Amino acid sequence: MPDAPSSRAAAPRSARELAQAISAVERGGAGADSLIEAALAQLATADWQASRVIGVTGPPGAGKSTLVAALAELARAEGRRVAILAVDPSSALTGGALLGDRVRVEERPDDDGRFMRSIATRGSGRSLSHAAAAASLLVEAAGFDLIFIETVGAGQADLGIVRLADLVVLVEGPEGGDEVQAMKAGLLEAADLVVVNKGDRPGADRAVERLRSGLALGAAAPEVLLVSATEGSGVEALLRAMESTALRPGRGGRVRRVAAHLVAAVESRTAERLRTAEADGRLDTLARSIADGNRPLSGAIDELLKG
Ligand SMILES: Nc1nc2c(ncn2[C@@H]2O[C@H](COP(=O)(O)OP(=O)(O)O)[C@@H](O)[C@H]2O)c(=O)[nH]1
Ligand SMILES: [Mg+2]
């Protein structure tokens, strides 16, 4: 049952409230729906500009966390309110700090213009995380200008970011373009910007060349930029490119994120129903009667979907 507008939970404001609300959407259920509705109600009347949600993806170790931290620092220094959602399970959140491999982004209790949170990957099937879209809507309602979503670049599951983000940035290391992994997963085609990180390391220039020539075959080839997250070179140019890159048709805005949330919610509820049907034996009973010819196949799937 949808909540009446009067009983809607207020959209979260403080970092603490926001973190609690994200935990609630990770748990799912009716409480989560009303939190998302509250965020949407707030956004409908908000007097701030829409957020830009930037998906940062790429193979583990490419330097995504380091680069996002550098971009966030710079954007914050320029006065933007910046949030980081890390779906990458290796970017563990510990004691208020986002810990990657030697990466530490400090939470500053005195600065409400920064927010960091890791998002559980539990329960996600094809989608990137059942909670990522909902969390991004909550963060948007809290008035953040830039929302970075770091995802682990692990093939199909990562393509969910394309549904959710306004802009998809693919980060590669100096070996980038050698292996066809990213191309196979469709990530290279999906990217709006391609970044070769670790520009301080040998071979990075050649990776840029390889990627540029590989991409030139495609119709709307994304720009390829060379950066070094640890040395800071190219980071400002990348931030400018993120702000100015035109969004692909149909990309951008809250409607995309609501659609991404709907897909994630239906997928996770369907998976839940299947787990229940398997656990209580209904799946086997149904399968047996179909196999024995006592029941037509038609309708069985609908019955499982109804739960
Ligand atoms: N040399 C060099 N190392 C980097 C750079 N950016 C990140 N790294 C290192 O690469 C490793 C992986 O970085 P991380 O940000 O955790 O990668 P992620 O798995 O893609 O998030 C860490 O040891 C970083 O310090 C860079 O620009 N140059
Ligand atoms: Mg990381």
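**A tour of the predicted model**

Begin at the glycine that follows helix α11: Gly-293, whose phi is positive, near 80 degrees. If you then select α11 itself, residues 282-291, you will find a helix that is hardly covered, since the count of buried residues among its ten residues is zero. Bear in mind throughout that this is a predicted model.

**The whole chain**

Zoom out and colour by secondary structure, and the chain shows twelve helices and ten strands. Of its 307 residues, 41% are buried. Among the contacts with a separation of 6 or more, 75% are between residues 24 or more positions apart.

**The sheet**

Next, select the seven strands that form an open, parallel sheet, and walk across them in the order β6-β2-β7-β1-β8-β9-β10. The twist from one strand to the next averages 20 degrees. Stop at β6 and at β10 (223-226), which stand at the edges: each has a single partner strand, so one side of each is left without a neighbour in the sheet.

Now select β7, residues 146-150, which is joined to β2, residues 82-86, by five bridges, the two strands running parallel. β7 is mostly covered, as five of its five residues are buried. Showing the side chains, you should see Leu-146, Phe-148 and Glu-150 pointing one way from β7, while Ile-147 and Ile-149 point the other way, all of them buried. On the side of β1, another five bridges join that strand to β7, again in parallel, and here Ile-54 has Phe-148 as its bridge partner in β7.

Move on to β2, where five of the five residues are buried, so that this strand is largely enclosed by the rest of the structure. Its side chains alternate as well: Val-82, Ile-84 and Ala-86 point one way, Ala-83 and Leu-85 point the other way, and all are buried. To follow the register with β7 along the strand, pick out Val-82, whose bridge partner is Leu-146, then Ala-83, which stands opposite Ile-147, and then Leu-85, which stands opposite Ile-149. β2 also pairs with β6, in the parallel sense and over five bridges; in that pairing Ala-86 has Ser-118 of β6 as its bridge partner.

**Helices on the sheet**

With the sheet still displayed, add helix α3, residues 64-77, which packs on the sheet and touches β1 (52-57), β2, β6, β7 and β8 (167-172), its direction making about 175 degrees with that of β7. Then add helix α9, residues 235-244, which also packs on the sheet, touching β1, β8, β9 and β10, and whose direction makes about 160 degrees with that of β10.

**The nonpolar core and α4**

Which residues have the most contacts inside the largest nonpolar core? Select Val-25, Leu-85 and Leu-138, which hold that place in a core of 77 residues. The largest share of this core, eight residues, comes from α4. Centre the view on Leu-138 and, leaving aside its neighbours within four places in sequence, look for its contacts with Pro-12, Leu-18, Ala-21, Ile-22, Val-25, Leu-35 and Ala-39.

Keep α4 (residues 132-141) selected and add α10 (residues 254-279): the two helices pack at an angle of about 145 degrees, with their axes 8 Å apart. Their crossing is left-handed. To see the contact itself, show Ala-133, Ala-134, Ser-136 and Leu-137 of α4 together with Arg-257, Ala-260, His-261 and Ala-264 of α10. By class, this contact has five nonpolar, two polar and one charged residues.

**Two loop residues**

Is Lys-198, in its loop, buried or exposed? Find this residue in the loop between β9 (193-196) and α8 (204-215); because 26 C-beta neighbours lie inside 10 Å, Lys-198 counts as buried. Its backbone deserves a look as well, for Lys-198 has a positive phi of about 65 degrees although it is not a glycine. As background to that value, most residues other than glycine have a negative phi.

Finish at Asp-112, in the loop between β5 (104-106) and β6 (114-118). With 15 other C-beta atoms within 10 Å, Asp-112 is partly exposed. Draw a distance from its C-alpha to that of Ala-15, and the two residues, which are 97 apart in sequence, prove to be 7.0 Å apart in space.

How values were computed
Residues are numbered from 1 along each chain as its sequence is written. Chains are lettered from A and ligands numbered from 1 in the order in which they are written. This is a predicted model: local features need pLDDT of at least 70, side-chain atom pairs count only at pLDDT 80 or more; totals for chains, interfaces and linings use all residues. A residue is buried if 20 or more other C-beta atoms lie within 10 Å of its own, exposed if 12 or fewer, and partly exposed in between; C-beta atoms are placed from the backbone. Helices (H or I, at least four residues) and strands (E, at least two) are DSSP runs, numbered from the N terminus. Axes are lines fitted to C-alpha atoms, for helices over the stretch in contact, and angles run from 0 to 180 degrees between N-to-C directions. A crossing is left-handed if the near helix is turned anticlockwise from the far one by less than a right angle, and right-handed if clockwise. Two residues are in contact if their C-beta atoms, placed from the backbone, lie within 7 Å. Ala, Val, Leu, Ile, Met, Phe, Trp, Tyr, Cys and Pro count as nonpolar, Asp, Glu, Lys and Arg as charged, and the others, Gly among them, as polar. A nonpolar core is a set of buried Ala, Val, Leu, Ile, Met, Phe, Trp, Tyr and Cys residues joined through C-beta atoms within 7 Å. Two strands pair if DSSP finds at least two bridges between them.
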